[in-house]
Each structure stands twice: as structure tokens, then as C-alpha cells.
Amino acid sequence: MTGNALNPEVHVVGGGLAGSEAAWQLAERGHSVVIHEMRPVRPTPAHKTSRLAELVCSNTFKSTEPTNAHGLLKAEMRLLGSVILWAADQARVPGGSALAVDRELFAQAVTERVLSHPRVRVVREEVSSLPSPGIVATGPLTSDALAEAIRARLGVASLAFYDAIAPVIARESIDDSVVFRASRYGKETMDGAGDEGAYLNCPCTREQYEAFLDALGAADQYHGHEFDEVPYFEGCMPVEVMAQRGRDVLRFGPLKPVGLRDPRTGRAAWAVAQLRQEDRAGRMWNLVGFQTRLRIPEQQRVFRMIPGLADAEFLRYGSIHRNSYVNSPAALSPHLALRDDPLTLFAGQITGVEGYTESSATGLVAGINLARLLAGDEPVLPPPTTMLGALYRYLREADPRHFQPMNANFGLVDDLPERVRDKRRKRELIAERALTDLETWREAHAVAGAAP
Ligand SMILES: Cc1cc2nc3c(=O)[nH]c(=O)nc-3n(C[C@H](O)[C@H](O)[C@H](O)COP(=O)(O)OP(=O)(O)OC[C@H]3O[C@@H](n4cnc5c(N)ncnc54)[C@H](O)[C@@H]3O)c2cc1C
């Protein structure tokens, strides 16, 4: 079962969601795969068992409806023969429109299915160097030794350890009659940028600022796992912690009004919250400096008090937790390989995607692409009209200076050519187009998609 000179063994480091999916895809394409999983020899702060694909927190893969971004991503993965979704179906428990699973049965199903494949074996060891040919899928809790090796290979700035994620808001949900465009002091350093100003600014009166502070102070916060207690450093401080330090702290921090004059009044506001463009198409805007541990309904309630955001649609919620991830747009190739070795690919949360489904999805694509490369073919990526392709586009094209992990959302996907006012109908059309385009892509590149 071991490889030979013509068909070397392929190494998948990390037997989590992405690694298990990648190993399955490679094995199904005829490759002998070694999964290197360090549990139980070396535990992580979150995993409790030695099973493959253990779910460390919630037991849901979110929506199954294609008109939901996570639902669409799953529909695409099913077209490509995902073993993770096969196992989720085996372990499904009632969860409304969500794909909720019994976590024990789920991990057991993945472990048994993947390890019973005649071309897959597992070695229980911590890996401290990058595999080639192979896939690094060691997740948000990548061990220190491997993290060090990745940093050394990619450059120190290329591996972040903590996520301080600010919410991302859909552009179309921001009220243009309230916000104004401007850069602080009119400065813009990017070549080719227009002179209208890079930021969307939400001007607050003193009363609005005070009411916002009160709501922020009283809001319910998420208290994560004990291990997840983050030693906050400046620049990664939750907005609610900053607010507790004094009533003017935010006015001298993320809500500072200096250098920003509302062109409609000609005056500076008492405080200004800023949104910065997150994607090239300008559909996703980051609420700058609003990394937070507020619970999701509280983020909706409190941040919608900011002038201009009353109807804000959250494409991603803020959070803070331990997370090792590569600055993919700065450091990796479009198919998420080392730039100096295309046979070392990355998959899962370490690439800067966020979530169970997204991590599994990148494992699936990495498995397909490493198999193609080993067969002498070019790697391929689905088009950005699909959720999968759109996620990869984000990992390729996001601004490396502000790169933050991303979950599946409709802000990533190409707009429809025509304007559709009804939101539900629009999502139906996007989903239909995505699945048609993925099928066409699959056929064009002879990507097999048989269900496990
Ligand atoms: C505390 C916490 C809670 C989370 N809650 C949720 C949630 O509720 N919903 C959600 O969608 N996402 C959640 N996430 C994100 C979640 O971790 C990812 O979505 C998903 O598990 C990532 O899959 P992965 O395959 O990339 O990594 P993992 O599933 O973490 O798999 C990585 C594997 O690599 C192994 N490994 C690490 N280093 C080495 C090494 N050097 N050598 C060999 N093996 C190694 C680990 O033991 C692990 O098995 C949470 C993350 C954390 C840390």
C-alpha cells in the first residue's frame, strides 16, 4: 500500500475536517495517502478525542438551503463528492433547516470511512516540517513546532496567531443618506485610487455616541473556552473592553472624528465610526476596529445603533479567538500552494477560511488539485459565480495588509448581470447559476464527483 517512485505517497498533515476530506479525494483518485495526526500523542487545547474530524464546538454545519451562503457551499460540495457531508448525513439529528449532527457519530463515521479506504493510513505523530507532495491542514490550533516551520518558510508576518475579527457589513444595507465617503485628512496612498475617499464614515452626535456606549457596556458577551482566554494586546482589543476604560476612549480610538469633515454640514462630528472596503468589488465593508466578543444578536442590536447602519446586514460577525492562519493573498499561490513548491498545498482554517463547511470545502479542492498536479495537470478552481470559487478568489485577492479570515457569504460571489430587487429571488438565481456553472466546470476539467 505504500507508494512507489511513479506514485509516491502523499502526506496530509492534520486529520481534521479539511485533512480528512483532502485525504479521501486523493485516495479516490488513486493516490496512497498518509494522514499525520498528532492526537492523541499531542493533544490540542480544544479537541477531546483521537478521532478524525472532531467538531470542537457547535454541532452544526449551518443551513442546508441553497439560498443561504452555507447551504449553497454544501450543495456545491455535494456535486464534488464530499466525504465530510456524507458523514454528516449519516450522523444527522433534527436541526430545522440546519445540518446538525451527533458529533460523536459524525467523527466516528469520518474516521471509519476514511481509514477503511485501501489507500489511506494514519500515523499518530506531530509533524514539524512542510510535506511535499502534501497538504497542510492543521487548523486554527496548529502545533507550535509546525507553526514555526511555516513562519520560517513564508516569512514572519505571514502567520497570524489571533483573530481579532471585526464585523463585515453588506454595502447595499448601509444608508447613504447618513454616511459620507472620505479618508482621514483626505490622504490616500494606494496608486490608482479615486479621490472620493476610501472610507464610509458614520457620523455620531454626542447623544448618539453616549447611547451607543451605554448599550455596548450592557451588552451580553461571549465567554469562550477557558483555553481561549486571549491575552489582549493593543490593536486587538475588543471594542467593549476599550469602552469600559473611559467614556472618551473610543472617541480617541476607532471612533475618532479628527480629520473627517461631513461634506454636507462642513463640520466634524462628535464621533465617527468607519467602514473600510473589504473586497475589490466593494460589496463587503469592514467596521474598522470593532473586533468584539459580543454575542451575535447583541452585535446586531448594538452596532445597528451606529448612524447609517440601522438596517445593516452582517456578512460576517466579529469575534476574537486563538487562530493560526496564513496570510494567503500575500504568501500562497492561487490554489493555495507554496509559491516555491506547488506540491505543498494548504487547506482548511489555516488558509484564512472560517468555519467547518468552509474548511472542509478547501480540503476537497486541495485534494482534487494535488491529484491533478501529480498527474501532470494544471490545478483548477471553480469560477467566482460559485461559493467555492468566490472563497478562493477572496483568499487570492483580499488586501494582504488587512487580511482576515472569511466565512461563506453572498458578498463574495459575482453579482447577477441584471438587477433583482427581491432578495430571496436574487439568492435563488445566484444559487441556480452557481450550481449550473459548477457542473459545467466539473465537466470541462473532468473532475469526478461521485458520492462516497
Ligand atoms: C475553540 C474553537 C471553537 C470553534 N467553533 C466553531 C464552530 O462552532 N463552528 C465552526 O464552523 N467552526 C468553529 N471553529 C473553527 C473550527 O476549528 C474550524 O472550522 C474547523 O475545525 C477547521 O477545520 P480544519 O480541518 O482546518 O482544522 P481542525 O479540524 O482543527 O483539524 C486540524 C488537525 O490538525 C492536527 N494538528 C495540528 N498541528 C499538527 C501537527 N503539527 N502535526 C500533526 N497534526 C496536527 C490537530 O490535532 C487537528 O486534528 C472553532 C475553532 C476553535 C478553535
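# Close-up views of a predicted model

**The side chain of S63 reaches the backbone nitrogen of E65 at 2.9 Å.** Welcome to the first close-up; please keep in mind that the whole model shown here is predicted. S63 lies in strand β3, which covers residues 60-63. With a relative accessibility of 11%, S63 counts as buried, because the limit for that word is under 20%. So this view shows a buried serine whose side chain makes a polar contact with the backbone of E65.

**Strand β3 belongs to an open sheet of three strands.** Reading across the sheet, the order is β3-β5-β4, and the pairing is antiparallel. β3 and β4 (92-93) stand at the edges with a single partner strand each, so one side of each has no neighbour in the sheet. Strands of a sheet pair through backbone hydrogen bonds, and they can do so in a parallel or an antiparallel way. Between β3 and β5 (residues 98-101) there are two bridges, and these strands run antiparallel. To find your way from one strand to the other, start at T60, which stands opposite A100 in β5.

**Strand β2 is paired in the parallel sense with β1 and with β6.** On one side, four bridges join β2 to strand β1, made of residues 10-13. A handy landmark here is V13, whose bridge partner in β2 is H36. The pairing of β2 with strand β6 (residues 120-124) runs over five bridges, and V33 has V120 as its bridge partner in β6. If you follow the chain through β1, α1 and β2, you trace a right-handed β-α-β unit.

**Both faces of strand β2 are covered.** Which residues lie on each side of β2? V33, I35 and E37 are on one side, V34 and H36 are on the other, and all of them are buried. Five of the five residues of β2 are buried, so the strand is largely enclosed by the rest of the structure. Two of these residues have already appeared as bridge partners: H36 pairs with V13, and V33 pairs with V120.

**The ligand is surrounded by 30 residues.** Those that come nearest are E37, R39, Q349, G355 and Y356. E37 also appears in the previous view, among the buried residues of β2. Where do backbone atoms meet oxygen atoms of the ligand? A backbone N or O atom of Q349 lies 2.8 Å from a ligand oxygen, a polar backbone atom of G355 is 3.0 Å from one, and for L17 the separation is 3.1 Å. On its own the ligand has 980 Å² of accessible area, and the protein covers 93% of it. Three elements give two or more residues each to the surrounding shell, namely α1 (17-28), β2 (33-37) and α10 (356-374). By character, the shell divides into 12 nonpolar, 14 polar and four charged residues.

**A361 sits in helix α10.** Is A361 buried or exposed? A361 has 1% relative accessibility, so it counts as buried. From A361 to L374 is 13 residues in sequence, and their C-alpha atoms are 20 Å apart in space. Helix α10 also gives residues to the shell around the ligand.

**Two cis peptide bonds come before prolines, at P40 and at P133.** Most peptide bonds are trans, so cis bonds are worth a close look. The bond joining R39 and P40 is cis, with omega about 0 degrees, and P40 is in the loop between β2 and β3. R39 is also one of the residues that come nearest to the ligand. From S132 to P133 the peptide bond is cis too, with omega near -5 degrees. P133 is found in the loop between β6 and β7 (134-136).

**Y185 and A446 each have a positive phi although neither is a glycine.** Most residues other than glycine have a negative phi. For Y185, phi is about 55 degrees, and its place is in the loop between β10 (180-182) and β11 (199-204). Y185 has 58% relative accessibility and therefore counts as exposed. For A446, phi is about 50 degrees, and this alanine is found in the segment after α12 (423-444). With a relative accessible area of 68%, A446 is exposed as well.

Notes:
Residues are numbered from 1 along each chain as its sequence is written. This is a predicted model: local features need pLDDT of at least 70, side-chain atom pairs count only at pLDDT 80 or more; totals for chains, interfaces and linings use all residues. Side-chain values use heavy atoms; hydrogens and water are left out. A residue is near a molecule or strand if one of its heavy atoms lies within 4 Å of it. A polar contact is a pair of N or O atoms within 3.5 Å; within protein, one must be able to donate a hydrogen and the other to accept it, and residues adjacent in sequence count only if both atoms are side-chain atoms. Accessible areas come from the Shrake-Rupley method with a 1.4 Å probe; for residues, only the protein chains shown count as cover. Ala, Val, Leu, Ile, Met, Phe, Trp, Tyr, Cys and Pro count as nonpolar, Asp, Glu, Lys and Arg as charged, and the others, Gly among them, as polar. Buried means under 20% relative accessible area, exposed over 50%, partly exposed in between (1.4 Å probe, protein chains only). Two strands pair if DSSP finds at least two bridges between them. A crossover is right-handed if, with the strands pointing away from the viewer, the path from the first strand over the helix to the second runs clockwise.
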